[in-house]
Amino acid sequence: MRDILEKAIETHSLNKTEIIGLLNSRTDAGDLFAAADLVRRKFVGADVHLRGLIEFSNICKNNCLYCGLRRDNKALERYRIDKNTILALAKHAKSMGLKTVVLQSGEDVYFDIPKMTEIIAGIKSFGLALTLSTGEKSFREYEAYRKAGADRFLIRIETTDKKLYEENDPGMSWERRVQCMRDLKKLGYELGSGCLVGLPGQTTESLADDILFFKDMSCDMIGIGPFIPHPQTPLKNAAAGSLETALKVMAITRLLLPDINIPATTAMETLAPDGQIRALQAGANVIMPNITLTQFRQYYQLYPGKTTTGYTPDQSLQKVRDKIASIGRTIGQDAGQSKKWLKEHNNQ
Ligand code: 5AD
Ligand code: SF4
């Protein structure tokens, strides 16, 4: 195992067998996490970049088996936050010192090109970097957002196992999802993706494929989260993913993509109170504090037990700041663009 880790630290390249070896090893996750921490420090430094997350609509036309926002979950109260409230939240994010705002929603067709471009232009007028996480759209739509000023886009592949993907995301096509990623890259977005860890039927081999896929697709950001069963979904009785495995997938991703951005995800924190701290010490360099208004948070139920429910934007941000300070890390003072993206676009 030491040999594989040394090779990864030096070359940032591993084959599938080596990745599977690291994922299956029962003994040396500590060494793996230390190696990822070292590579993180060397390539992206001590800074943790904050992204203010606004969950602006929980309405979704899709029916992913794992997700509490799926359209067949009739028990969930649905909401949309209007444009002016979104802009007020973004302005507040700016006043709290945040440099990036992430607009996330289910796939809600109400927010069409005219509505989205107005919101995007409004947020950009505050001098913030803007990430969108609103799902699969046409090239034309992604292009309109980009022209309006959106900088980054998050769209997880969820799993590179096409069969597993299409079983879990009925009516959706795996190839279409990959096409969305290509379109975003082509339009010059910083491309964020990622996967779920612990979906029923997912194999270690397919997790290794996920990591290699992130490298192949030249992703600029990768968010990895353990699957957490939601009681109002068809997967309610399935076992949750393991935090340890999710951290391993994340650490190996850092080894292979040394200069990207990697968030310590909320799903990790949901499985253990120190989940995000462990992630920050195993390759992560980003946290996305939730800045959605308290009244809406309880309804953005991708999975149960989200630790951000019940807090205000200011409280959520303070908790994150405290966490970062507690392990001696610093908070990024710039927009925290992906170093990889900057290199590719000759800005550095
Ligand atoms: N557990 C963990 N993560 C989930 N997501 C959706 N449902 C769940 C769940 N039950 C994740 C998906 C999606 C992101 C916004 O939330 O990976 O891309
Ligand atoms: Fe909708 Fe995304 Fe949930 Fe799927 S994972 S149901 S697309 S919000």
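Helices and strands here are DSSP runs, numbered from the N terminus. I keep to that naming throughout these entries. The model is predicted.

**Entry 1: Glu-158**

I looked up where Glu-158 sits. Glu-158 is in the loop between E4 and helix H7 (162-168). Its phi is positive, about 70°, although the residue is not a glycine. Is Glu-158 buried or exposed? Glu-158 counts as buried because its relative accessibility is 12%, and the cut-off for buried is under 20%. I also found Glu-158 in the list of residues around ligand 1. A polar side-chain atom of Glu-158 is 2.5 Å from an oxygen atom of that ligand.

**Entry 2: the rest of the ligand 1 site**

I went through the other residues around ligand 1. They include Tyr-66, Cys-67, Gln-104, Arg-156 and Leu-196. Pro-226, Phe-227, Ile-228, Leu-302 and Tyr-303 are also among them. I noted two further polar approaches. Arg-156 has a polar side-chain atom 2.8 Å from an oxygen atom of ligand 1. At Tyr-66 the backbone takes part: one of its polar atoms is 2.8 Å from a nitrogen atom of the ligand.

**Entry 3: ligand 2**

Which residues are around ligand 2? I listed Cys-60, Asn-62, Cys-64, Tyr-66, Cys-67, Leu-69, Arg-70 and Gly-106. By class, this shell has 5 nonpolar, 2 polar and 1 charged residues. Tyr-66 and Cys-67 are in this list, and both names also occur in the list for ligand 1. I checked the accessibility of Cys-64. Cys-64 is at 13%, so this residue counts as buried.

**Entry 4: cysteines**

How many disulfides does the structure hold? I found 0. I then asked why Cys-219 has no bonded partner. The closest cysteine sulfur is in Cys-195, 10 Å from the sulfur of Cys-219, and that is too far for a bond. A disulfide needs the two sulfur atoms within 2.5 Å. Cys-219 is buried, at a relative accessible area of 0%.

**Entry 5: strand E3 and its neighbours**

I turned to strand E3, residues 129-133. Of its 5 residues, 5 are buried. Ala-129, Thr-131 and Ser-133 point one way, while Leu-130 and Leu-132 point the other way.

On one pairing, E3 runs parallel to strand E2 (residues 100-105), with 5 bridges between them. Thr-100 has Ala-129 as its bridge partner in E3. Helix H5 (residues 113-124) joins with E2 and E3 in a right-handed β-α-β unit.

E3 also pairs with strand E4 (residues 152-154), again in the parallel sense, over 2 bridges. Here Thr-131 stands opposite Arg-152. From E3 the chain passes through helix H6 (residues 139-148) to E4, in a right-handed β-α-β crossover.

**Entry 6: Arg-152**

I looked at Arg-152 on its own. Arg-152 lies in strand E4. Is this arginine buried or exposed? Arg-152 counts as buried because its relative accessibility is 1%. I also took a distance to Ile-19, which is 133 residues apart from Arg-152 along the chain. Their C-alpha atoms are separated by 28 Å.

**Entry 7: His-12**

I closed with another positive phi. His-12 has a phi near 55° and is not a glycine. Where is His-12? I placed His-12 in the loop between helix H1 (2-11) and helix H2 (16-24). His-12 is buried, with a relative accessible area of 11%.

Terms used: Residues are numbered from 1 along each chain as its sequence is written. Chains are lettered from A and ligands numbered from 1 in the order in which they are written. This is a predicted model: local features need pLDDT of at least 70, side-chain atom pairs count only at pLDDT 80 or more; totals for chains, interfaces and linings use all residues. Side-chain values use heavy atoms; hydrogens and water are left out. A residue is near a molecule or strand if one of its heavy atoms lies within 4 Å of it. Ala, Val, Leu, Ile, Met, Phe, Trp, Tyr, Cys and Pro count as nonpolar, Asp, Glu, Lys and Arg as charged, and the others, Gly among them, as polar. Buried means under 20% relative accessible area, exposed over 50%, partly exposed in between (1.4 Å probe, protein chains only). Helices (H or I, at least four residues) and strands (E, at least two) are DSSP runs, numbered from the N terminus. Two strands pair if DSSP finds at least two bridges between them. A crossover is right-handed if, with the strands pointing away from the viewer, the path from the first strand over the helix to the second runs clockwise. A polar contact is a pair of N or O atoms within 3.5 Å; within protein, one must be able to donate a hydrogen and the other to accept it, and residues adjacent in sequence count only if both atoms are side-chain atoms.
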